[in-house]
Amino acid sequence: MSDVREAGQESPVSTPTAAKAAAGVEGSSGLTIGVDVGGTKIAAGLVDNNGKIVAEGRRETPATSPPEIVAAIVEVVKELRSRAEGREVEAIGVGAAGFVDASRSEVLFAPNLAWRKEPLKEAVQARTSLPTVVENDANAAAWAEFQFGGGHDVDDMILLTIGTGLGGGLVLNGELYRGAFGVGGEVGHFRVVPNGHLCGCGNRGCWEQYASGRALVREARDFARSSPSQADALLELAGGKADRIEGPMVTKAAAAGDTAATELVQDLGRWLGEGIATLAAVLDPAVVVIGGGVSEAADLLLEPARNAFWRQLTARGHRPTLEIRPAVLGNEAGIIGAADLARRR
């Protein structure tokens, strides 16, 4: 399947510092292609140096076949190059949901794709004759929000993406932080509850198990089973079956004013804020940007997060405090960030 369409507390920092200004002049003025490879779809865009997507393309992800994934990426790149209207396409950035090595060449492991030590950069570059960089998808999204979105005015920012799991990306002193081996920023997997809920990573009590869409669904289903008379709005949305409750149903019911759904979203927000306080103690960012599907609950989620953050913040009242903001770029952040990182290769 293919489709190409035209795209259409206060922070102490309010303007970019020298590090941000320097980052802004490194990129070129040409077009680059950003590719966001997920478990079910490959989304790609032709992106200018202002972070604007001028054309988009999509393919289904042949998740079980690495060669077919590469072929799909190459195909959508070719299609987008044909839409460049005579402008040069300089490079390709590929965002992958998995562990990417420090050289931004190889996907070491992807939980939802058949990538195991996959030399993705080499494969795409050889088939397109374009310089290619590979980046973790959350890192790519964080870079996009840093350059063009919720963190555009600061040099130290954390992006948290609350989807099925809890993803993260760190930008510190104007640089994307990858760690010694390329797999830094996995903030969803620091422990918040000793011997807590089992996580997909194999450990117990990870932050992701309490501040994610999966956690919201688990708690909502448990509540509906134990107190069905108080979960009538959720059960109605789920056809009367607790096991069919999904995250968007909870946020929809909360937005409509349902008490039980609102409390469930607020509980998630409290877990989120407490974890952010721990990150602040270690990294001291100016801004934490919240994205992902659950973030659509907006202030129903963010206000409890801000309150919990303040209650748990080390030396609160005696230090500047970060700002918790909603993400700006939505589902396009991965495309924009991958394209911009390719420009700065």
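Mentor: Let's begin with a definition: two strands pair if DSSP finds at least two bridges between them. Keep in mind that this is a predicted model.

Trainee: In which sense do strands S10 and S13 pair?

Mentor: In general, strands of a sheet pair through backbone hydrogen bonds, either parallel or antiparallel. Here, strand S10 (residues 157-162) and strand S13 (residues 287-291) run in the parallel sense, with five bridges joining them. Look for Leu159, which stands opposite Val289 in S13.

Trainee: What is the order of the strands in the open sheet?

Mentor: Its five strands follow the order S12-S11-S10-S13-S14, and the pairing is mixed. At the edges are S12 (175-177) and S14 (323-326); each has a single partner strand, so one side of each has no neighbour in the sheet. On average, neighbouring strands are turned by 25° against each other, direction ignored.

Trainee: Which strands does helix H4 touch?

Mentor: Helix H4 (residues 137-148) packs on the sheet and touches S10, S11, S12 and S13. The direction of H4 makes about 50° with that of S11.

Trainee: Now the interior, please. Which residues touch the most other members of the largest nonpolar core?

Mentor: Here is the general idea: in soluble globular proteins, nonpolar side chains tend to be buried together. In this model the largest nonpolar core has 41 residues, and Leu160, Trp207, Val250, Leu272, Ile276, Ile290 and Leu301 touch the most other members. Helix H8 gives the largest share of this core, nine residues. Apart from this core lies another one, of 31 residues, including Val35 and Leu130.

Trainee: Which residues does Val250 touch, not counting those up to four places away in sequence?

Mentor: Val250 touches Leu216, Ala220, Leu234, Ile245, Ala261, Leu264 and Val265. Val250 is also one of the buried residues in H7, along with Gly247 and Met249. The buried residues of H7 pack against H5, H6, H8 and H9. Just after H7, Gly257 takes a positive phi of about 100°.

Trainee: One last residue: is Thr262 buried or exposed?

Mentor: The cut-off helps here: buried means under 20% relative accessible area. Thr262 has 15% relative accessibility, so Thr262 counts as buried. You will find Thr262 in helix H8 (residues 259-283).

Trainee: What does the side chain of Thr262 reach?

Mentor: The side chain of Thr262 reaches the backbone oxygen of Asp258 at 2.7 Å. Leaving aside neighbours within four places in sequence, Thr262 is in contact with Ala254, Gly257 and Leu300.

Methods
Residues numbered from 1 in each chain as written. Predicted model: local features only at pLDDT ≥ 70, side-chain atom pairs only at ≥ 80, totals over all residues. Heavy atoms only, no water. Helix = DSSP H or I, 4+ residues; strand = E, 2+ residues; numbered from the N terminus. Buried < 20%, exposed > 50% of the residue type's maximum accessible area, 1.4 Å probe, protein only. Polar contact = N/O pair within 3.5 Å; in protein donor to acceptor, adjacent residues only side chain to side chain. Contact = heavy atoms within 4.5 Å. Axes fitted to C-alpha atoms, helices over the stretch in contact; angles between N-to-C directions. Core = buried A, V, L, I, M, F, W, Y, C linked by side-chain atoms within 4.5 Å.
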